Amino acid sequence: MESKIIGQTVPIVEVKLNKGETIYTQSGGMAYQTEGIQMKTNAKGGVMRSLGRMFTGESIFMAHYTAMLDGAVVAFASTVPGSILRCDLNGNNGLIIQKGAFLCAEATIDTKVAFTKRFSSGLFGGEGFILQKAEGHGALFLEVDGDLIQKTLAPGEVLKVDSGNVVAFEPTVSYEIEVVKGLGNILLGGEGLFLTKLVGPGNVIIQSQNFQDFANKLIPFMPSNIYGPFLFLF
């Protein structure tokens, strides 16, 4: 399998498959394809695992694209301005992924629910208690909002991040939620009540844009009713 990332604002990943190779994505994730691609949609991993994906923000059903001849091409687009990152997993520890970060992967990659070690992390972290773990051998493509930042943490090294800016991290990195200290910081700081505390060793992938925060900032500019923009016509 070959891949290339095209575009910079809202990029796509274009994948060239040999006969028999398969790549899968969420339903509706495909942008375009050439002749020679066969599509099948199913609940990958069974009903229970599919329901687990629903809680992580992904779709229950996955669309599988299989090449019927060498050189067939299929492309998958990101949903918001940002970037796409290819991660090649080698069957060792895999990768823990934030909900919404999964774009597509080879059929040899398995994704399943991954629970954080501390229940409070999901209860109060703002990004949901359930994450995903991707493991296996092959290529995994992640969608990154805004620009991509990669950090390698040494053993015991701490990185505190807004929860919405975490894309993925290695399982060797411990993850918990830390309350922002100081009443003034909580009320006036504008950064929310909690931060995600990541402790090394291991690699961490961060995104510069928290799209949920961006969407919330647009709410004051939205009309109070759907006819608002057209009132000047009457």
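# Exercises on strands, cores and rings

Lys160 has Lys197 as its bridge partner in β17. The exercises below start from this pair. The model is predicted, so local features require a pLDDT of at least 70 and side-chain atom pairs a pLDDT of 80 or more, while totals for chains, interfaces and linings use all residues. Residues are numbered from 1 along each chain as its sequence is written, and side-chain values use heavy atoms, without hydrogens and water.

**Exercise 1.** Find the strands that β17 belongs with, and state which ones lie at the edges.

*Solution.*
- Step 1: terms. Strands (E, at least two residues) and helices (H or I, at least four) are DSSP runs numbered from the N terminus. Two strands pair if DSSP finds at least two bridges between them.
- Step 2: the order. Three strands form an open sheet in the order β14-β17-β16, and the pairing is antiparallel.
- Step 3: the edges. β14 (158-161) and β16 (174-179) pair on one side only, which makes them the edge strands.
- Step 4: the turn. Neighbouring strands of this sheet are turned by 30° against each other on average, direction ignored. The axes are lines fitted to C-alpha atoms, for helices over the stretch in contact, with angles from 0 to 180 degrees between N-to-C directions.
- Step 5: the bridges. β14 and β17 (residues 194-199) run antiparallel and are joined by four bridges.

**Exercise 2.** Locate Pro201 and describe the peptide bond between Gly200 and Pro201.

*Solution.*
- Step 1: Pro201 sits in the loop between β17 and β18.
- Step 2: the bond joining Gly200 and Pro201 is cis, with omega about 20°.
- Step 3: as background, most peptide bonds are trans.

**Exercise 3.** Which strands pair with β18, and over how many bridges?

*Solution.*
- Step 1: β13 (residues 148-153) pairs with β18 in the antiparallel sense over six bridges. Within β18, Ile205 stands opposite Gln150.
- Step 2: β15 also runs antiparallel to β18, joined by three bridges. Here Phe169 has Val204 in β18 as its bridge partner.
- Step 3: burial. A residue is buried under 20% relative accessible area, exposed over 50% and partly exposed in between (1.4 Å probe, protein chains only). Five of the six residues of β18 (residues 202-207) are buried, so this strand is largely enclosed by the rest of the structure.

**Exercise 4.** Which residues touch the most other members of the largest nonpolar core, and which strand gives the most to this core?

*Solution.*
- Step 1: the term. A nonpolar core is a set of buried Ala, Val, Leu, Ile, Met, Phe, Trp, Tyr and Cys residues joined through side-chain atoms within 4.5 Å.
- Step 2: the members. The largest core has 18 residues, of which Cys87, Leu95, Leu140, Leu142, Val167 and Ile205 touch the most others.
- Step 3: the strands. β8 (82-90), β9 (95-97), β10 (102-106), β12 (130-145) and β15 (166-169) each supply at least two residues. β12 gives the most, with four.
- Step 4: another core, apart from this one, has 16 residues, including Ile23, Phe76, Ile84 and Leu103.
- Step 5: one residue in detail. Contact means heavy atoms within 4.5 Å. Beyond its neighbours within four places in sequence, Ile205 is in contact with residues including Leu85, Cys87, Leu95, Leu142 and Val167.

**Exercise 5.** State how many aromatic pairs there are, and classify the pairs Tyr65 and Phe76, then Phe169 and Tyr175.

*Solution.*
- Step 1: the rule. Rings of Phe, Tyr and Trp (its six-membered ring) pair if their centres lie within 6.5 Å; planes under 30 degrees apart count as stacked, over 60 as edge-to-face and the rest as tilted.
- Step 2: the count is three.
- Step 3: Tyr65 and Phe76 are edge-to-face, with 5.6 Å centre to centre and 70° between the planes. Tyr65 lies in β6 (residues 62-67) and Phe76 in β7 (residues 72-77), so the pair ties together parts that are eleven residues apart in sequence.
- Step 4: Tyr65 and Phe76 are buried. Phe169 and Tyr175 are stacked, at 5.6 Å centre to centre and 15° between the planes. Phe169 and Tyr175 are both buried as well.

**Exercise 6.** How many residues of β7 are buried, and which strands pair with β7?

*Solution.*
- Step 1: five of the six residues are buried, so β7 is largely enclosed by the rest of the structure.
- Step 2: β2 (residues 12-17) runs antiparallel to β7 and is joined to it by six bridges. Ile12 has Ala77 as its bridge partner in β7.
- Step 3: β4 (residues 30-33) pairs with β7 in the antiparallel sense over three bridges. Tyr32 has Ala75 as its bridge partner in β7.
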